[in-house]
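Biologist: I have a model open and would like to learn how to read it. Could we go through it feature by feature?

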Amino acid sequence: MLTVYNSRTRKKEAFKPRNGKKVNMFVCGITPYNSAHIGNLKTYLNYDIIARYLRARGYKVFYLQNVTDVDDKIVNAAKEANIHWKEIPDRYFTEFQAVCKKLHITGVSKYAYATDFIPAIIKQVTRLIKKGYAYEKNGSVYFEVKRFKDYGKLSGQNLAKLHKSTRLEIDENKKHPYDFVLWKARTEANEKYEPSWKSPWGKGRPGWHIEDTAISEHFFGPQYDLHGGAGELKFPHHEAEIAQQESASGKKPFVKYWVHTGVVTVNGAKMSKSLGNFITGKEMIDQHDPDAFRLLVASRHYRSPLPYSEKLLTQAIHNLETIRNFARQLKQIKARTGSLFTITLYRKQFFASMDDDFNTPSAFATLFTLMRKANTLIRQEKLSVKSAKEILVFLKEVERIFGIPFVMRKEASTPKEVTAIAMQREQFRKEGKWTDADTARDAIRQKGYEVRDTKGGFEIIPLSK
Ligand SMILES: [Zn+2]
């Protein structure tokens with residue numbers, strides 16, 4: 001039985017979607033005003049694995065993610081660079097997608113841009129005003145928080161305390177400091193930096209929280225199965241979403257399972273743009289094997305913080321190599337009679353871990369136990385071809401779930417010219433011409449392959465993309 005930790009009830013619960021095997025899942029997307037950092041990417045890797053696992057378990061997942069392509073941050077970035085506002089999200093969302101591709105983040109069914117849903121947003125705001133949950137002032141519209149009794153429930157806040165402790169945006173239009181904006185009257189006369197749309201309240205643009213509920217209602221209706229996002233979004237963002245959608249529809253709960261991820265930390269502090277202690281996703285994939293970063297994220301529980309360090313990344317690079325070497329060895333096993341080795345128990349344990357609130361570290365532990373056991377048999381020449389094949393089938397199943405290619409498929413098709421250079425290099429090595437050997441190695445790398453020296457000669461491995 002699949003269980004999921006639900007932040008709404010603060011309990012691990014049996015996962016029972018509203019419509020049998022159909023899962024409607026929404027995750028808060030990026031605001032593309034600069035480069036996404038690896039803290040942002042951890043979240044998307046976590047949900048990518050969750051979506052992949054649900055699909056592997058036979059669920060039909062519609063994974064929706066919004067793109068906040070209109071926001072104060074975008075207006076400010078456009079002003080600073082003196083370019084049209086649209087260029088900012090275009091540039092950074094394109095970069096984000098390129099990074100996601102390298103990290104095999106492929107689980108999202110639909111990316112929905114906020115600016116494509118302005119009519120839906122206006123409709124939801126209008127409903128909230130009609131029902132008495134929102135008010136207009138000087139062309140802006142606000143949600144009146146005191147009208148919604150459950151405000152603060154998800155994050156465990158209480159309005160009285162909140163009033164004193166939270167830094168709130170000062171806005172004289174608000175009846176109460178904790179009311180939040182649904183529609184923002186335009187402030188700039190310059191359309192180049194600040195986009196605006198016609199509305200019943202004059203020209204303006206949507207607030208951040210309302211785009212999510214307008215988009216999710218458009219695709220899923222007023223109630224759906226799973227909402228994800230970084231834990232730091234619980235308040236005020238997710239509280240605001242609940243207030244908006246439950247007030248607009250009168251139906252509870254808006255979302256059945258709230259799922260939140262842990263942050264990336266550096267030396268104990270949260271990785272963030274404001275602290276300046278971040279590594280961008282682009283830097284990560286340019287400097288390291290993207291699969292190693294994916295493995296690093298997958299080897300921690302999604303709800304736990306990830307204390308990022310070079311040392312942990314190096315460990316992940318090493319682990320990735322260990323698994324790949326293991327797969328390579330399995331492929332080379334030929335006609336050994338071998339001893340009894342059965343995959344069943346390991347496979348069962350692996351799925352039991354994943355069923356337990358997507359416990360990827362425990363699932364990895366099972367994989368490593370299997371590898372140790374099988375490696376012993378390989379060394380003793382006791383692993384049969386049949387067992388090796390069974391393990392490879394399982395490894396491919398695991399790689400589909402984690403989104404990390406473990407079993408290389410291109411080895412058989414190494415181009416002849418690459419093999420020729422490698423043989424030439426081997427000759428240089430025999431003759432002690434080390435500089436020439438190194439030049440040959442670089443030439444092989446340029447062609448996307450790595451040559452490795454083994455006891456019996458050398459092997460050629462495709463460089464991971
Ligand atoms: Zn959101």
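Modeller: We will take the ground rules, then the overall build, the metal site, the cysteines and some backbone details.

Modeller: This is a predicted model, in which local features need pLDDT of at least 70 and side-chain atom pairs count only at pLDDT 80 or more, while totals for chains, interfaces and linings use all residues. Residues are numbered from 1 along each chain as its sequence is written, and side-chain values use heavy atoms, with hydrogens and water left out.

Biologist: How many helices and strands are there in the protein?

Modeller: Helices (H or I, at least four residues) and strands (E, at least two) are DSSP runs, numbered from the N terminus. Here there are 15 helices and 16 strands. The C-alpha trace spans about 80 × 50 × 35 Å along its principal axes.

Biologist: What share of the residues is buried?

Modeller: Buried means under 20% relative accessible area, exposed over 50%, and partly exposed in between (1.4 Å probe, protein chains only). Of the 465 residues in the protein, 52% are buried. For contacts, the criterion is heavy atoms within 4.5 Å. Among contacts with a separation of 6 or more, 76% are between residues 24 or more positions apart.

Biologist: Which residues coordinate the zinc ion?

Modeller: Donors are N, O and S atoms within 2.8 Å of the metal (3.2 Å for Na, K and Ca); water is not among the atoms, so sites may look incomplete. In this model the zinc ion is coordinated by Cys-28 through SG, Asp-212 through OD and His-237 through NE2, at 1.9 to 2.2 Å. Along the chain these donors follow the spacing C-x183-D-x24-H. Cys-28 and His-237 link distant parts of the chain, 209 residues apart: Cys-28 is in the loop between β3 (22–27) and α1 (38–56), and His-237 is in helix α7 (residues 234–249).

Biologist: Are those two buried or exposed?

Modeller: Cys-28 counts as buried because its relative accessibility is 6%. His-237 is buried too, at 1%.

Biologist: How many disulfides does a search of the whole structure find?

Modeller: A disulfide is a pair of cysteine sulfur atoms within 2.5 Å. The search finds 0. Take Cys-100: the closest cysteine sulfur, in Cys-28, is 15 Å from its own, so the two are too far for a bond. Cys-100 is buried, at 2% relative accessibility.

Biologist: Which residues does Tyr-113 touch?

Modeller: Leaving out residues up to four places away in sequence, Tyr-113 touches Val-67, Asp-69, Phe-93 and Ile-215. Tyr-113 and Asp-69 are 44 residues apart in sequence, yet 6.2 Å apart in space, C-alpha to C-alpha. Tyr-113 is in strand β5 (residues 110–113) and is partly exposed, at 29% relative accessible area.

Biologist: Where are the cis peptide bonds that you would point out?

Modeller: One joins Phe-235 and Pro-236, with omega about 0°; Pro-236 lies in helix α7. Another runs from Lys-252 to Pro-253, with omega near -10°, and Pro-253 is in the loop between α7 and β11 (255–261).

Biologist: What should I look for in phi?

Modeller: Look at positive values in residues that are not glycine. Asp-357 has a phi of about 55° and lies in the loop between α11 (344–355) and α12 (360–379). Glu-381 also has a positive phi of about 55°, in the loop between α12 and α13 (385–402). Their surroundings can be read from accessibility: Asp-357 is buried, at 0%, whereas Glu-381 is exposed, at 53%.
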